[in-house]
Amino acid sequence: MTRVLVLNGPNLGRLGSREPDVYGAQDLEALRALLEGDAPDGVEIDLRQTDHEGEIIGWMHEAVDTASPVIVNPAAFTHYSYGLRDAAALVSKAGLPLVEVHISNPHARESFRHHSTISGVATGVIAGFGLEGYRLALRAVTAG
Ligand code: DQA
């Protein structure tokens, strides 16, 4: 059984009601159902959300210790967290896939969203396809 950690950063617990024009009307439970319905046999989805930087960093350490692939939407941490970047680097440097996902396309938005501290240590980046981006990421981390 492969467990895929699907980690979501700050304010993503508000999906569904938060800026639906940007992030859509579906919430995290809808995302969980989408991914569970799409997961190949033998793949377990472990979807989590936190508003706390230390917690998501701890989950990266857990991914290394349990050899779990990671799909991460770091949300606003994307743009300034060097701590999360260093933790994400531990995952990809351990040879585990780490896919950075954004629901919106940050490059088409305010300039502070154009820089990601995470992308340089991610295996790949998917942005701008709504919740479908997580599905594409799941395909990427479970391929082969
Ligand atoms: C986001 C984009 C970030 O800029 C923003 O801070 C978020 C969500 C996205 O999924 O589009 O909270 O990561």
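**Ligand shell.** I looked up the residues around the ligand in this predicted model. I listed Arg18, Tyr23, Asn73, Ala75, Ala76, His79, His102, Ile103, Ser104 and Arg113. I then sorted this shell by residue class and got 4 nonpolar, 4 polar and 2 charged.

**Polar contacts.** I went through the ligand's oxygen atoms next. For asparagine 73, I found a polar side-chain atom 2.8 Å from an oxygen atom of the ligand. Arginine 18 also places a polar side-chain atom by a ligand oxygen, at 3.0 Å. With alanine 76 the partner is a backbone N or O atom, and I noted 3.3 Å to an oxygen atom of the ligand.

**Ligand burial.** I looked up how much of the ligand the protein covers. Taken alone, the ligand exposes 320 Å², and the protein buries 98% of that. I also checked where the ligand sits, and the entry reads: in the largest pocket.

**Aromatic pairs.** I searched for aromatic pairs and the count came to 1. The partners are phenylalanine 77 and tyrosine 80, with 6.1 Å centre to centre. The planes are 80 degrees apart, so I entered the pair as edge-to-face, the cut-off being over 60.

**Accessibility of the pair.** Are phenylalanine 77 and tyrosine 80 buried or exposed? I entered phenylalanine 77 as buried because its relative accessibility is 4%, and the limit for buried is under 20%. Tyrosine 80 has a relative accessible area of 48%, so I entered tyrosine 80 as partly exposed; exposed would need over 50%.

Key
Residues are numbered from 1 along each chain as its sequence is written. This is a predicted model: local features need pLDDT of at least 70, side-chain atom pairs count only at pLDDT 80 or more; totals for chains, interfaces and linings use all residues. Side-chain values use heavy atoms; hydrogens and water are left out. A residue is near a molecule or strand if one of its heavy atoms lies within 4 Å of it. A polar contact is a pair of N or O atoms within 3.5 Å; within protein, one must be able to donate a hydrogen and the other to accept it, and residues adjacent in sequence count only if both atoms are side-chain atoms. Accessible areas come from the Shrake-Rupley method with a 1.4 Å probe; for residues, only the protein chains shown count as cover. On a 1 Å grid over the protein atoms alone, a cavity is a set of points where a 1.4 Å probe fits but cannot get out, and a pocket is an open set with protein on both sides within 12 Å along at least five of seven lines; lining residues have an atom within 4 Å of a point. A molecule sits in a cavity or pocket if more than half of its atoms lie within 2 Å of its grid points. Ala, Val, Leu, Ile, Met, Phe, Trp, Tyr, Cys and Pro count as nonpolar, Asp, Glu, Lys and Arg as charged, and the others, Gly among them, as polar. Rings of Phe, Tyr and Trp (its six-membered ring) pair if their centres lie within 6.5 Å; planes under 30 degrees apart count as stacked, over 60 as edge-to-face and the rest as tilted. Buried means under 20% relative accessible area, exposed over 50%, partly exposed in between (1.4 Å probe, protein chains only).
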